[in-house]
Amino acid sequence: MSSSSHHARRARSFLVTAALAAAWLPVSVGASPPEPAPRVSELPSPETLPPADESEPTPASEPTPASEPTPASEPKSASEPKSKSKSKSTAKPKWIKHRIIPGERLAEIAARYEVRTDSLIRWNKLDKNNPKIYAGRKLSVYTDHVPPPQRKITYIVEFGDTWAKIARAHDVDPDRLRLRWNPKVPRRFKAGQELVIWVDPASPRARADAAKGIAEATSPAIAALPLVQIPRSSISVGKPNNGKLIGSVQLPENNKLYTLRKPDESYGSSHTLQNLQLAIATWRRDTGYSGKLKIGAISKRGGGKLRPHLSHRSGRDVDIRLPLTSTGSSAKKVSDVDWDATWGLVLALVATGEVKTIYLASDRQKHLLAAAKRAGASKETIEKILQYPETRGYDNGIVRNQKGHTAHMHVRFSCAPNETRCEDY
Ligand SMILES: [Zn+2]
């Protein structure tokens, strides 16, 4: 084991900042409910739930502002502190839908939208004594206070994690994390286990982070990362070996995260650049790796042929030099590469959910495998990610053998949903 593996030994968590693919759903787990409400003690697990839409009240049956007293005109409950850190909203109240997340309580939903629990009951024609709320169901809410919805992320357990630690890191309730969101996960989980977490951009911690001046914070997990804004205009068209790039955007300088070896070859699709930056940021945060990371070729402006590469034409291929040990100088030398950090980087890239393939020579994957085992990765995780010891074929592993890829890994990102002309092979 190299002396530099201290980097990755500190590695703890790899957040699947599936931000990108995040489910767009709602909760508030941080706030304490201002009033007692019936606790929904037995929510069925999401798998057994009917689709939320089936139980939705039709618009015709919904109360309308005209027929109902608005929340604004209702007296606030006495227990509600007046000096609440409520952002003074000038927005007009309107009807919105809240989609209930597993384990969420009526009182929490009321607190989230700054309305009364009994209003929620009335608007949705719920039975006061047995309100039957369950995950996936949508509730109608009339409010002028609409925080961003909760987001579902996937988190990969790392060596040394505990339920409490993960809950704390994401500002969520530990019981809910374990019993509601991950009921099938053994209490004593192993590294590599995937967990579902509902992060709440409206949680007190997330709001505090945002107040520290992080623009566009979308979740507590992403809030504190040193991300540079990337314009959304750049679109990948065609295949990696014959495509092009429309509305080209260059990977912005971000010396906290990486350096660009060839700025004029650092154009990519917005989707690629965003996920690349996010993966590197979470990797540095989670592993503590502080060495340089050099980004090589992506695509040239407008895409198209980029010598000497066969691909790199549609803005989705990124060459990343393997991270070095603190004393290493050449990524060509196996002993100069920090394989623990490299494994961490692969995990962070995969965790975006937007990486199709990573090319790396088989004799280098061998060192990656050893690092994965040191990090306590489960057999399933290793098999999902590494092709090694196989050296050919397309049905196993995200990291695949390709000759010549010894000092750098070549990362191919997926097409974004809005890139309708983006193609794979
Ligand atoms: Zn390449």
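**Histidine 312 and the zinc site**

Student: Which residues does histidine 312 touch, leaving out those up to four places away in sequence?

Tutor: Histidine 312 touches Pro240, Ala297, Ile298, Ser299, Gly304, Leu306, Asp317, Val318, Asp319 and His410. Contact here means heavy atoms within 4.5 Å.

Student: What sort of model is this?

Tutor: It is a predicted model, in which local features need pLDDT of at least 70 and side-chain atom pairs count only at pLDDT 80 or more, while totals for chains, interfaces and linings use all residues. Residues are numbered from 1 along each chain as its sequence is written, and side-chain values use heavy atoms, without hydrogens and water.

Student: Is histidine 312 buried or exposed?

Tutor: Histidine 312 is buried, because its relative accessible area is 1%. Buried means under 20%, exposed over 50%, and partly exposed in between (1.4 Å probe, protein chains only). Histidine 410 is buried as well.

Student: What are the protein donors of the zinc ion?

Tutor: The zinc ion has His312 through NE2, Asp319 through OD, listed twice, and His410 through ND1. These donors lie 2.1 to 2.7 Å from the zinc ion. Donors are N, O and S atoms within 2.8 Å of the metal, or 3.2 Å for Na, K and Ca.

Student: And what spacing do the donors follow along the chain?

Tutor: The spacing is H-x6-D-x90-H. Histidine 312 sits in the loop between β12 (294–295) and β13 (317–321), whereas histidine 410 belongs to strand β16 (residues 408–413), so the two histidines tie together parts that are 98 residues apart in sequence. Strands (E, at least two residues) and helices (H or I, at least four) are DSSP runs, numbered from the N terminus.

Student: Why is β16 largely enclosed by the rest of the structure?

Tutor: Strand β16 is largely enclosed because five of its six residues are buried.

Student: Which strands run antiparallel to β16, then?

Tutor: Strand β13 runs antiparallel to β16, joined by five bridges, and isoleucine 320 stands opposite methionine 409 in β16. Strand β14 (residues 355–359) also pairs with β16 in the antiparallel sense, over four bridges. There, isoleucine 358 has valine 411 of β16 as its bridge partner.

Student: New topic: which residues of helix α4 are buried?

Tutor: In α4 (residues 163–170), the buried residues are Trp163, Ile166, Ala167 and His170. They cover an arc of only 100° around the axis, so they lie on the same side of α4.

Student: What comes just after α4?

Tutor: Just after α4, aspartate 171 takes a positive phi of about 60°.

How values were computed:
Two strands pair if DSSP finds at least two bridges between them. The arc is that of the directions from the helix axis to the C-beta atoms.
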